[in-house]
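Biologist: Could you take me on a close look at a single part of this model, chain B, and show me how its pieces fit together? I'd love one connected walk-through rather than a list.

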Amino acid sequence: MSTASNDGFIDLKGRKVLVHDMCLRDGMHAKREQISTEQMVKVASALDAAGVPLIQVAHGGGLGGNSLQHGFAMHSNEEYWDAVVPHVKRAKVSVLLIPGMGTMKELQSAYDHGVRSVTVATHCTEADTSPQHIAYARKLGMDTVGFLMMAHLNTPEGLAVQGKMMESYGAECVYITDSAGYMLPEDVKRRVRALREVLKPDTQIGFHGHHNLGMGIANSIAAIEEGASRIDASVAGLGAGAGNTPLEVFVAVCDRMGIDTGCDLFKLMDMAEDVIVPMMDQMVRIDRASLTLGFAGVYSTFLLHAKRLGVKYGIPARDILVELGRRKMIGGQEDMIEDTALTMAKARGLFTDKAA
Amino acid sequence: MSAPQRKIRCALIGSGNIGTDLIYKIQRSPLLEPVWMVGIDAASEGLAKARDMGLKTTHEGVDGLLPHVLEDNIQIAFDATSAYVHKANSDKLTALGVMMIDLTPAAIGPLCVPPVNLVEHATRGAMNLNMISCAGQATIPIVRAVSNVQGVKYAEIIASVASKSIGPGTRANLDEFTYTTSNAIEVVGGARRGKALIVVNPAEPPMLMRNTIYCLTDDAPDEARITESVLQMITEVQKYVPGYRLVNGPVFDGNKVAVFMEVKGLGDYLPTYAGNLDIMTAAATRTAEMFAEGILAGRIELKAA
């Protein structure tokens, strides 16, 4: 993509990057799905005023996310979209669809309520569970993104095959998604490069990071160096685990490097400080449990579940998270957190099963 | 010793994983005999396997089977193709008096979960029964066990299956799987509202099928009676799926009842991790046996539809 000078410096000056905010979707995880429509409108309006072009709005699990498994939000997705869409003047509203949870019926409803972009997400080896949803989104004329989650669990070559499948179903952009916040910049570069080599030139590449190892910004820049042109981030990092790539910090770095995001840095800084941080129930930061996610390669959304169940069954959250990583649990298997905690509690003599 | 019992002769439609696994299950049955395997690809591994196991085969779809139905006295057919072709298959075969067991998500006939409603279906003698989905077979008995004790306003199930255990048809049509299973949680499970989630996990070595069942009861759950009912239901399922096992629970949290199950397959065609495959084929075989018993005893008469 960009040419490197002799000392390895890659000049990204003038590169355009589309920033996609996650506060009102990934951030729902950090808020245990409890964001009011008033807060949603406030956040979305501030993002819109700051020039953020794409804003994801939904339950943390996206379409179909309201469940015992993933928690019930304060409102239905439809109520959130109806509240937010009339207040955004420049930005597009997007949604997440994970096949196996969200369905085409719900996608149609999202479209009917003004959503114009969809991220169709599968585990990084299971792209072939997404063809009907990607095709349906294209049929609706939506901006259609394929999203390969937990991408550290597949090789660059494997991801290239999976990304190519999503492109063949109709995806206009394919993401490398670091759901566990596990990757280091070189991991990101190899994966984005592998995608760039196989995808059509007009198919975009995106990167979605989590800040569990503090690498959100560095990984996003690494992705851009290899040709990514969409970056997911959230103001003040409001998202699962230690949060997403903090958007205002990313924009500041882009400004310094001459990357064009079209966003107003000072407005975003103010919004982070005045709107998002006061909304947080707990500081979204790298603590020992979220660091464990990044270190052990565990799905970021598991964090708060593991903390809650750890307290319930008397087992440190870190132990539960490490065990979930060892058992190779992936996104969507939140039920296995309680199952794992119960099995560990029994083994440690902390819990007796009445049915056994 | 009594004389060897006559067996009901069966056809298997679809030569994929499910169809091939069914050969093993039906061959072991004292009441059923697999006679025909129907495919659409002459080179398919399933058809070759079926020939090796002594079945007659055709690669011309159901039309290739039709001329032989009467002369070979085929009375029960298992359809493991896809929702899109099931109705056509069923119409052609039921017209000849063949009873259909539908393992696709088509669900044009009544939904069947053996320990919940098989006896009722066998009494009525339906000509087409639908087996819902692997997740449905693995979870609906538990929902029913709870709803038998007290009202369930909402039930939600999460099925995690090994990536290697699900074929291209299911992958490309996950929504049908979701809709069919959610509906059956209500219709057969007895919950007023149902929701199904599926997760495909690629871990190596492949994970055993796991199922979590959550029920929200109307009133405070009667813990002792629900636990007893769930354990009894598990024993019923174990009669045809020995690897159906309670891992944790029932756990009670307010009005929420959580049950964590595992299904280990018999390892007939696919390895034991594919408990999702086994629970479908075992439930279908069990269903066919109940009908076979009725036919052999003269209680059920199959009528051309």
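Modeller: Happy to! Let's start with the pairing of strand E1 (residues 8–13) of chain B with E4(B): the two run parallel and are joined by five bridges. Within this pair, Arg9(B) stands opposite Ile74(B) of E4(B). Please keep in mind that this is a predicted model. On its other pairing, E4(B) is joined by four bridges to strand E5 (residues 99–102) of chain B, again in parallel. Here Ile76(B) has Met99(B) of E5(B) as its bridge partner. To get from E4(B) to E5(B), the chain passes through helix H4 (residues 83–94) of chain B, and this β-α-β crossover is right-handed. E4(B), which spans residues 74–79, is mostly covered, with six of its six residues buried.

These strands belong to a chain that the domain assignment divides in two: domain 1 of chain B takes 8–131 + 281–296, and domain 2 takes 134–273. Taken over C-alpha atoms, the centres of the two domains are 24 Å apart. Their contact draws 20 residues from domain 1 of chain B and 21 residues from domain 2 of chain B. On the domain 1 side, helix H1 (17–28), H5 and H10 of chain B each supply at least two residues. H1(B) has the largest share of that side, five residues. By class, the domain 1 side has twelve nonpolar, five polar and three charged residues.

H5(B) deserves a pause here. This helix covers residues 114–124, and its buried residues are Pro114(B), Pro115(B), Val116(B) and Ala122(B). What covers them includes helix H6 (134–147), H9 and helix H10 (275–296) of chain B. Just after H5(B) comes Gly125(B), with a positive phi of about 70°.

Now over to domain 2 of chain B, where H8(B) is a good helix to look at. H8(B) has 14 residues and reaches 20 Å from its first C-alpha to its last, close to the 20 Å expected at 1.5 Å a residue. Ten of its 14 residues are buried, so H8(B) is largely enclosed by the rest of the structure. Among those buried are Leu174(B), Phe177(B), Ala184(B) and Ile185(B), but also Asp175(B) and Glu176(B).

Further along the chain, E10(B) and E11(B) run antiparallel, joined by seven bridges. Phe252(B) stands opposite Val257(B) of E11(B). The two strands form a hairpin with two residues between them, and Gly254(B) in the turn has a positive phi of about 60°.

That brings us to the partner chain. The contact between the chains takes 31 residues from chain B and 28 residues from chain A. Several elements we have just met return here: H8 (174–187), strand E10 (244–253) and strand E11 (256–263) of chain B are among those that each supply at least two residues of the side touching chain A. E8(B) gives the most to that side, with six residues. By class, the side of chain B that touches chain A has 16 nonpolar, nine polar and six charged residues.

Terms used. Residues numbered from 1 in each chain as written. Chains lettered and ligands numbered in written order. Predicted model: local features only at pLDDT ≥ 70, side-chain atom pairs only at ≥ 80, totals over all residues. Contact = placed C-beta atoms within 7 Å. Nonpolar A, V, L, I, M, F, W, Y, C, P; charged D, E, K, R; others polar. Buried ≥ 20, exposed ≤ 12 C-beta atoms within 10 Å, placed from the backbone. Pairing = 2+ DSSP bridges. Right-handed = clockwise from strand over helix to strand, strands pointing away. Expected span 1.5 Å × (residues − 1). Domains from an automatic or database assignment.
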